[in-house]
Each structure stands twice: as C-alpha cells, then as structure tokens.
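Please open the structure in your viewer and keep the sequence beside it. The tour below proceeds by selection, one stop at a time.

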Amino acid sequence: MGVNFHELKLVKKALESFYGLGPQLSARIMAKHTIHPRARLGGVAPKIITALTAELSTMTIENDARRIVQDNIKRLRDIGTYRGRRHAMRLPVRGQNTRSQILTARKLNVLERGGTQSKI
C-alpha cells in the first residue's frame, strides 16, 4: 500500500488507520487471516503481510472512499434535497439542534480538516 508502519504497532490499529476501514472491518480481515487481536506488525509473518496488502489493494479505501463520499454529497446538493441544502449551508445534517452549540457541527461538516479545507 505504500505505507510503512512501526513494527511495534498493533495490526488492528494499523488497519484502522486507513480511511474507510473501521473496527468491525479490521476485525473481520484479521479473523480471515487468523491474526490475533493483540498481534503486532513485527510478529506477523511476511507471507501474511503480503496477503493483507493484496486484500487491501482490492478494497475501496483512502482517496477512493473519500471521492465516493464527496460525490454522494455533491449529488445530494445537485438534486436539492434537504440534506444537500444542509451540507451547502454547513449546518447539522443529521437532526442535531441548532439553537445552541452549532459550532461543532460547522467544524464537522468540513470534509478536509488539515491544511486546505473544502466545504461540503
């Protein structure tokens, strides 16, 4: 995948560091390759690491997953749905209150949080 991890890092945390892989999916991948939940990258055989890399290359993670999310939000905005308008105004999308404490929602509706920010 082009990413180098420290050998003391947990395999589960290394898998979860990819955008689009959460706790459940990483646990399923580890169970499929018979990796202990507390295993570290240094203790995993190179053969298993290449199998993990091959499986991750077939999945939609990182930039592909981000692009899919952006396309879905753009589609909602183009159609003019309620959710699309809320995204466009940088307001809470999932029914949160706006009477108070809207600042957090405005921060979270921005997709890219580091460096350059693109409004959704």
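Against which helices do the buried residues of α2 pack? The buried residues of α2 pack against α1 and α3; contact means heavy atoms within 4.5 Å. Helices here are DSSP runs (H or I, at least four residues), numbered from the N terminus.

Before selecting anything further, please note the basis of the values. This is a predicted model, in which local features need pLDDT of at least 70 and side-chain atom pairs count only at pLDDT 80 or more, whereas totals for chains, interfaces and linings use all residues. Residues are numbered from 1 along each chain as its sequence is written, and side-chain values use heavy atoms, with hydrogens and water left out.

**Colour by confidence**

The pLDDT is the predictor's confidence in each residue, from 0 to 100. The protein has a mean pLDDT of 88, and 90% of its residues reach 70 or more. Among its elements, helix α2 (residues 23–32) has the highest mean, 97, and helix α6 (residues 103–108) the lowest, 74.

**Select residues 23–32, helix α2**

Show the side chains of Ser26, Ile29 and Met30, the buried residues of this helix; buried means under 20% relative accessible area, exposed over 50% and partly exposed in between, with a 1.4 Å probe and protein chains only. These three lie on the same side of α2, because they cover an arc of only 100 degrees around the axis. The arc is that of the directions from the helix axis to the C-beta atoms. Turn to the other side of α2 to find Gln24, Arg28, Ala31 and Lys32 exposed.

Next, select Leu25, also in α2. Leu25 is partly exposed, with a relative accessible area of 29%. Not counting residues up to four places away in sequence, Leu25 touches Gly20 and Met59. Then move just past the helix: α2 is followed by Thr34, whose phi is positive, near 50 degrees.

**Select Glu16, in helix α1**

Glu16 is found in helix α1, and its relative accessible area of 21% makes it partly exposed. Leaving aside neighbours within four places in sequence, Glu16 is in contact with Leu21, Gly22, Pro23 and Ser26. Draw a distance from Glu16 to Ser26: the C-alpha atoms are 6.4 Å apart, with the two positions 10 residues apart in sequence numbering.

**Select residues 46–58, helix α3**

This helix of 13 residues reaches 19 Å from its first C-alpha to its last, close to the 18 Å expected at 1.5 Å a residue. The expected span is 1.5 Å times one less than the number of residues. Leu52, Glu55 and Leu56 are buried in α3. They share the same side of α3, because their arc around the axis is only 100 degrees. The buried residues of α3 pack against α1 (11–16) and α2. The face turned away from the buried side carries the exposed residues Pro46, Lys47, Thr50, Ser57 and Thr58.

Is Glu55 buried or exposed? Glu55 counts as buried, because its relative accessibility is 16%. Beyond residues up to four places away in sequence, Glu55 touches Ile29, Lys32 and His33.

**Select the lining of the second largest pocket**

The second largest pocket has a volume of about 250 Å³. The pocket is lined by 12 residues, of which Val3, Phe5, Leu41, Ile49 and Thr53 lie nearest its centre. α1 and α3 are the elements that give two or more residues to this lining, and α3 gives the most, with 4 residues. A pocket is an open set of points on a 1 Å grid over the protein atoms alone where a 1.4 Å probe fits, with protein on both sides within 12 Å along at least five of seven lines; lining residues have an atom within 4 Å of a point. Grid points are joined across faces, edges and corners, and a volume is the space filled by probe spheres set on the points.
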